[in-house]
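Before reading on, please take a moment to look over the sequence and the model shown here. The report below is written for a reader who is meeting such a structure for the first time.

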Amino acid sequence: MTNHESPVTPGPGPAAKSELRTVLRARRRGLDRAVVDDRRTAALLRVLAEPPAVVAAYWSRPDEPDTHALIDALVARGVRVLLPCGTDPDWAEHQPGQLRPGTYGVAEPTGTPLGAAALAEAGLILCPALAVDRSGRRLGKGGGWYDRALLHAAADAELWALVDVAEVLDQVPTEPHDRPVTGWVTEAGLARAGAPVGLGARHDLPAPAAPDQAAAR
Ligand SMILES: Nc1nc2c(c(=O)[nH]1)N(C=O)[C@@H](CNc1ccc(C(=O)N[C@@H](CCC(=O)O)C(=O)O)cc1)CN2
Ligand SMILES: Nc1ncnc2c1ncn2[C@@H]1O[C@H](COP(=O)(O)OP(=O)(O)OP(=O)(O)O)[C@@H](O)[C@H]1O
C-alpha cells in the first residue's frame with residue numbers, strides 16, 4: 001500500500017517538516033472532502049459513545065478534516081467542548097453558533113477565554129495535523145500553537161489526530177518538543193500509535209471492529 005510511504009524522504013528537523021508540509025497542503029487543496037469527512041465523523045462518534053466530560057477540539061476550516069458535525073454531536077450529548085482562541089494558546093467553551101472570524105481563517109469561540117491551563121480538564125484532545133506516522137508523531141501546520149498548548153494537557157489525556165488515510169505515513173520528521181499522539185482517526189476508522197499491523201494500525205482495511213474501538217475509550 002503506497003499510502004504509508006512518505007512523499008518526501010524525511011530527515012530530521014524543521015527543513016524536512018517544511019518540505020513535507022508543502023506536499024501535503026497541495027494534496028488537501030485538490031481533495032473533495034465530503035465522503036471522507038462523513039466516514040471519519042461516523043467512526044469518531046462510534047468511539048465517543050461514552051465521551052469524557054470535557055473534550056478539546058478545534059473548529060475546522062474547509063481545507064481540514066471536518067470537525068463541525070462531531071462537535072455539534074458532542075455538545076448535544078452534554079459534553080463541554082473547548083475550542084482554541086487567540087494567537088497564543090488559549091481555550092474557550094464552544095456554544096453552538098457563537099463563533100467569530102479569527103486568525104489564519106479559523107473561526108474562534110466568542111466565550112470567555114479560560115487560559116491555556118484549561119486544557120488540563122480535557123480527557124480527550126483532538127489535534128489538527130497535516131500527517132501522522134505509525135509511532136504517533138504528528139506534523140502540524142508549523143506554528144507551534146499545539147506544541148505549546150499541549151504542555152498543559154493532563155498526562156493521561158488521549159490525543160487523537162484527524163487525518164486522511166493518505167496522510168498516515170511511515171515516518172514524519174520530528175523535533176524534541178513534539179508530543180506524540182495516542183492515535184489517529186481517518187475515514188477508515190481509528191488506529192492507535194504503535195499498534196501492530198492487523199490490530200488497528202492498518203488503514204487500507206475497512207473500519208476496525210470492536211476491540212480497537214473499545215481500546216480507544
Ligand atoms: N482549525 C484549526 N484551528 C486551529 C489550528 C489549526 O491548525 N486548525 N491551530 C493549529 O496550530 C491553531 C491556530 N494556529 C494556526 C497556525 C497556522 C495555521 C495555518 O493555516 N498556516 C498556514 C500557513 C501560514 C503561513 O503563511 O505561515 C497554512 O498551513 O497554510 C492555522 C492555524 C489553533 N486553532
Ligand atoms: N513548547 C514550545 N515553546 C516554544 N516554542 C515552541 C514550542 N514547541 C514548538 N515551538 C516552536 O514552534 C515552531 C513550530 O514548531 P513545529 O514545526 O513543531 O510546529 P507544528 O507542530 O507543526 O505546529 P502545531 O503545533 O501548531 O500543530 C518551532 O519554531 C518550534 O521551535
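What follows describes the surroundings of the two ligands and then turns to the salt bridges.

It should be said at the outset that this is a predicted model, and the distances and areas given below are computed from it.

**Ligand 1**

Ligand 1 sits in the largest pocket, and 13 residues are found around it, of which R25, W59, R61, E64 and K141 come nearest. When these surrounding residues are sorted by character, the shell of ligand 1 divides into eight nonpolar residues, one polar residue and four charged residues. Three polar contacts of ligand 1 are described here, and R61 takes part in one of them, with a polar side-chain atom 2.7 Å from an oxygen atom of the ligand. E64 contributes an N or O atom of its side chain, which lies 2.7 Å from a nitrogen atom of ligand 1, while K141 places a polar side-chain atom 2.9 Å from an oxygen atom of ligand 1. Taken alone, ligand 1 exposes 660 Å², and the protein buries 73% of that area.

**Ligand 2**

Around ligand 2 there are 16 residues, and the closest are K17, R21, R138, D147 and H177. The shell of ligand 2 consists of three nonpolar, five polar and eight charged residues. Helices α1 and α4 (145-149) each supply at least two residues of this shell, and α4 gives the most, with four residues. The table lists polar contacts between the protein and an oxygen atom of ligand 2.

| Residue | Part of the residue | Distance to an oxygen atom of ligand 2 |
|---|---|---|
| K17 | side-chain N or O atom | 2.7 Å |
| R138 | side-chain N or O atom | 2.7 Å |
| G142 | backbone N or O atom | 3.0 Å |

On its own, ligand 2 has 640 Å² of accessible area, and the protein covers 70% of it.

**Salt bridges**

Side chains of opposite charge can pair when their charged atoms come close. The structure holds 18 salt bridges, and one of them joins E175 to K17, with the closest N and O atoms 2.8 Å apart. This pair links distant parts of the chain, since E175 lies in the loop between β10 (168-169) and β11 (183-186), whereas K17 belongs to helix α1 (residues 13-29), 158 residues apart. K17 therefore appears twice in this account, because its side chain has an N or O atom 2.7 Å from an oxygen atom of ligand 2 and K17 also forms a salt bridge with E175, as that term is defined.

Technical notes
Residues are numbered from 1 along each chain as its sequence is written. Chains are lettered from A and ligands numbered from 1 in the order in which they are written. This is a predicted model: local features need pLDDT of at least 70, side-chain atom pairs count only at pLDDT 80 or more; totals for chains, interfaces and linings use all residues. Side-chain values use heavy atoms; hydrogens and water are left out. A residue is near a molecule or strand if one of its heavy atoms lies within 4 Å of it. A polar contact is a pair of N or O atoms within 3.5 Å; within protein, one must be able to donate a hydrogen and the other to accept it, and residues adjacent in sequence count only if both atoms are side-chain atoms. Accessible areas come from the Shrake-Rupley method with a 1.4 Å probe; for residues, only the protein chains shown count as cover. On a 1 Å grid over the protein atoms alone, a cavity is a set of points where a 1.4 Å probe fits but cannot get out, and a pocket is an open set with protein on both sides within 12 Å along at least five of seven lines; lining residues have an atom within 4 Å of a point. A molecule sits in a cavity or pocket if more than half of its atoms lie within 2 Å of its grid points. Ala, Val, Leu, Ile, Met, Phe, Trp, Tyr, Cys and Pro count as nonpolar, Asp, Glu, Lys and Arg as charged, and the others, Gly among them, as polar. A salt bridge is a side-chain nitrogen of Lys or Arg within 4 Å of a carboxyl oxygen of Asp or Glu.
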